[in-house]
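Student: I would like to go through this model term by term, asking each time what justifies the word that is used.
Tutor: Then let us set each value against its cut-off and draw the conclusion from there.

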Amino acid sequence: DIEPDEIETFTLLKDAAATSVYGSEGANGVILITSKRGKIQKTSITYRGEGSRLSPTRVPKFAGSFDYLSFYNEALRNSGQPELFSEGTLNKYLTGEDRDLYPNVNWWDALMKDHTYNNRHTINFRGGAEKMRYFVSGAYFGESGLYKVNNNYNNNAGIKRFNLRSNIDMDITKDLLLRADLSGQYLQVNRPPFDTGRLFTGIFTSPPHVIP
């Protein structure tokens, strides 16, 4: 949730003595992050933009209707039951002569995209004088999922995140330093009405000869 460009330093605490002050929350270690602050310098403006293309590393191969139903007949024969699909019916699935009556659906291809994209944009302002220093950062991150979208309803998983941070240091007197730190985040999430596990279960268990 913290933009990398906002981080000045970070420290990893692992041993029990260092994490003891954090109680049970420090059982798995603690990461301390120090955000950037202003410096006595001319205002520097830094922009960073990133874009990525994401694809599944491995997609399972699905059997077509002909192979699926042939194996189904074989399972029936092995259990001593009569075959359910005749050779003529299987050939119609194989040749694809009528996909309305004898469909051959690859549910992964029907519901999922081959790839998606994400993008990140960050702009920072850093500078100050002897009496006041400042660091101001604004960031946007967006990513969409792999589900295909129809024209009526956006069922794809997606996230849009906006970050804002402002660290101000002011020397009120020689011995008095005032720090005003402000940070916030606005998160917009979109997702289908069913969780990912249920959707993937449907993809992997729906027979290819069922009409979508």
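Student: Why is F204 counted as partly exposed?
Tutor: Keep in mind throughout that this is a predicted model. The relative accessibility of F204 is 44%, and the label partly exposed covers what lies between the 20% limit for buried and the 50% limit for exposed, so F204 counts as partly exposed.

Student: What makes F200 and F204 an edge-to-face pair?
Tutor: Their ring centres are 5.9 Å apart and their planes stand at 70°; pairing asks for centres within 6.5 Å, and edge-to-face for planes over 60 degrees apart, so both conditions are met. F200 is itself partly exposed, at a relative accessible area of 24%.

Student: How are F200 and F204 placed relative to each other in helix 5?
Tutor: Helix 5 spans residues 196-205, and because the two residues are 4 apart in it, about one helical turn separates them. F200 and F204 also belong to one aromatic cluster together with F62 and W108.

Student: Why is the pair of Y93 and Y102 called edge-to-face?
Tutor: The centres of these two rings are 5.2 Å apart and the planes are at 90°, which is over the 60 degrees required, so the pair is edge-to-face. Both Y93 and Y102 are buried, and the aromatic pairs in this model number 7 by the same rule.

Student: Which residues make up the largest nonpolar core, and what makes it a core?
Tutor: It consists of 6 residues, namely V105, W107, W108, M112, Y147 and I203; the term requires buried residues of the nonpolar kinds, joined through side-chain atoms within 4.5 Å. Beyond its sequence neighbours up to four places away, Y147 touches L111, M112, K113, N155, N156, A157, P192, T196, L199 and F200. A second, separate core has 5 residues, among them L69, F85, L90 and Y102.

Student: Which residues form the nonpolar patch on the surface, and how do you know that I2 is accessible enough to belong to it?
Tutor: The patch is formed by I2, F10, L12, I31 and I33, whose accessible area together is about 510 Å². I2 has a relative accessible area of 40%, whereas a patch residue needs over 30%, so I2 passes that condition and is also described as partly exposed. I2 lies in the segment before strand 1, while strand 1 (7-13) and strand 2 (30-35) each contribute at least two residues to the patch.

Student: Why is the contact between R161 and E3 called a salt bridge?
Tutor: The distance from N to O is 3.0 Å, and the term allows up to 4 Å between a side-chain nitrogen of Lys or Arg and a carboxyl oxygen of Asp or Glu, so the pair qualifies. This salt bridge links R161 in strand 6 (residues 158-171) with E3 in the segment before strand 1, 158 residues apart.

Student: Are R161 and E3 buried or exposed?
Tutor: R161 has a relative accessible area of 11% and E3 one of 1%; buried means under 20%, so both residues are buried.

Student: What makes E6 and R165 a link between distant parts of the chain?
Tutor: Their side chains meet in a salt bridge at 2.7 Å, N to O. E6 lies in the segment before strand 1 and R165 in strand 6, so the pair ties together parts that are 159 residues apart in sequence. At 2% relative accessibility E6 counts as buried, and R165, with a relative accessible area of 16%, is buried as well.

Student: How do D5 and R48 compare with the buried cut-off?
Tutor: D5 is at 14% relative accessibility and therefore counts as buried, whereas R48, with a relative accessible area of 40%, is partly exposed. The side chains of D5 and R48 meet in a salt bridge of 3.0 Å, N to O.

Student: Which residues are joined into one network by salt bridges that share partners?
Tutor: That network joins E3, D5, R48, E50, R120 and R161, and the whole structure has 12 salt bridges.

Definitions and conventions. Residues numbered from 1 in each chain as written. Predicted model: local features only at pLDDT ≥ 70, side-chain atom pairs only at ≥ 80, totals over all residues. Heavy atoms only, no water. Buried < 20%, exposed > 50% of the residue type's maximum accessible area, 1.4 Å probe, protein only. Contact = heavy atoms within 4.5 Å. Phe/Tyr/Trp six-rings, centres within 6.5 Å; stacked < 30°, edge-to-face > 60°. Patch = residues over 30% accessible without salt bridge, like charges linked within 9 Å, V, L, I, M, F, W, Y side chains within 5 Å. Areas by Shrake-Rupley, 256 points an atom, 1.4 Å probe, with all protein chains shown as cover.
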